[in-house]
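Here are some notes for your reading of this structure, set out as numbered points. They deal with one loop residue, the packing of some helices and the nonpolar core.

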Amino acid sequence: MRIGIKLMLVVAAALVAAAPAQAQRQSLADRVGALEQQMYNNSSNQDLLNQINALRQQVQQLQSTVEQLQHDNAQQKQSAQDQYLDLDGRLNRLEGGAAPALPAVPAANGPAAAKPAAPKPPVVATERPPSVHGDAGALAASGDERTMYNVAFDSLKAGKYDESAQMFLSFLELYPNGVYTPNALYWLGESYYAIRNFPQAEAQFRDLIARYPTHDKASGGLLKIGLSQYGEGKVDEAQATLEQVVSTYPGSDAARTAQDRLQSIRLGQQIR
């Protein structure tokens, strides 16, 4: 009996002694697991940090690319605008005659500048007289017509566009079917065009082409219809008319001017 009791006591003591060791083993396993989890978390954080840095570099590269593209676009836009203004200025000089010369700028160390001379009136156009075929009586009868026409045309050359318009209107009333009637219709349209009365200008040029489709002013008249339409803001119609000039009168001065004006219009549309 005593031996059994002693055996039980020994077993109990062993169990009591083993309990702290088991607890210690569980505590150590928990700590190792926590350390492993921490190491895993640190590794994940490092990967995330690396990804963020890579994205930040990509964003910086994209910003640099965008800035370069913006700079290039601004330069291209400025270049297109410069081309447009240059072409527009040359076309205006072709359409309206030579611009008056600017007074010379005096040298920095030179004598005081004299009062600049008044600018000469712009020379709008020159033309050869129309060919008149017929007998001597018919030629003599056109004398008054030629005189009246010259007075109106001189007024136009002097830049007195309102006055020249009235004179050409009076001429057409007196000579509705005269030798100089086609020319008068054309220059009447030019007079209106010079004062930016585009609807009236277009009407005169259309009348010219309708009545004298084979006249040597017809190509210029069609060109001016397109330019008048553009002045009225009818851009699509103007482009169609200018393309018609190019196709109908290839190789002519009117066709070359129409082609230049088409290019000018397209450049103007691109930079808006």
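1. Arginine 196 lies in the loop between H5 and H6, where helices (H or I, at least four residues) are DSSP runs numbered from the N terminus. Its phi is near 65°, a positive value in a residue other than glycine. Arginine 196 counts as exposed because its relative accessibility is 60%, exposed being over 50%, buried under 20% and partly exposed in between, with a 1.4 Å probe and protein chains only.

2. The model is a predicted one, in which local features need pLDDT of at least 70 and side-chain atom pairs count only at pLDDT 80 or more, while totals for chains, interfaces and linings use all residues. Residues are numbered from 1 along each chain as its sequence is written, and side-chain values use heavy atoms, with hydrogens and water left out.

3. Helix H8 (residues 235-248) packs against helix H9 (residues 253-270) at an angle of about 150°, the axes being 8 Å apart; axes are lines fitted to C-alpha atoms, for helices over the stretch in contact, and angles run from 0 to 180 degrees between N-to-C directions. That makes H8 roughly antiparallel to H9, a label for angles over 145 degrees, whereas those under 35 count as roughly parallel. On the H8 side the contact (heavy atoms within 4.5 Å) includes Val235, Leu242 and Val246, and on the H9 side Ala258, Leu262 and Ile265 are among the residues met. The residues of this contact divide into nine nonpolar, three polar and three charged.

4. H7 and H9 have axes that come within 9 Å and cross at roughly 15°, and the two helices are therefore roughly parallel to each other. Ser219, Gly220, Leu223, Leu227 and Tyr230 of H7 make this contact with Ala254, Thr257, Ala258, Arg261 and Ile265 of H9. By class, six of the residues are nonpolar, three are polar and one is charged.

5. Leucine 223 deserves a separate look: leaving aside its neighbours within four places in sequence, this residue is in contact with Leu242, Val245, Ala254, Thr257 and Ala258. Both Leu223 and Leu242 are listed, with Tyr149, Phe168 and Trp187, as having the most contacts inside the largest nonpolar core, which has 32 residues; such a core is a set of buried Ala, Val, Leu, Ile, Met, Phe, Trp, Tyr and Cys residues joined through side-chain atoms within 4.5 Å. Among the elements that give two or more residues to this core are helix H3 (143-157), helix H7 (218-231), H8 and H9, and H5 gives the most, with seven residues.

Key: Parallel < 35°, antiparallel > 145°, perpendicular 65-115°, else oblique. Nonpolar A, V, L, I, M, F, W, Y, C, P; charged D, E, K, R; others polar.
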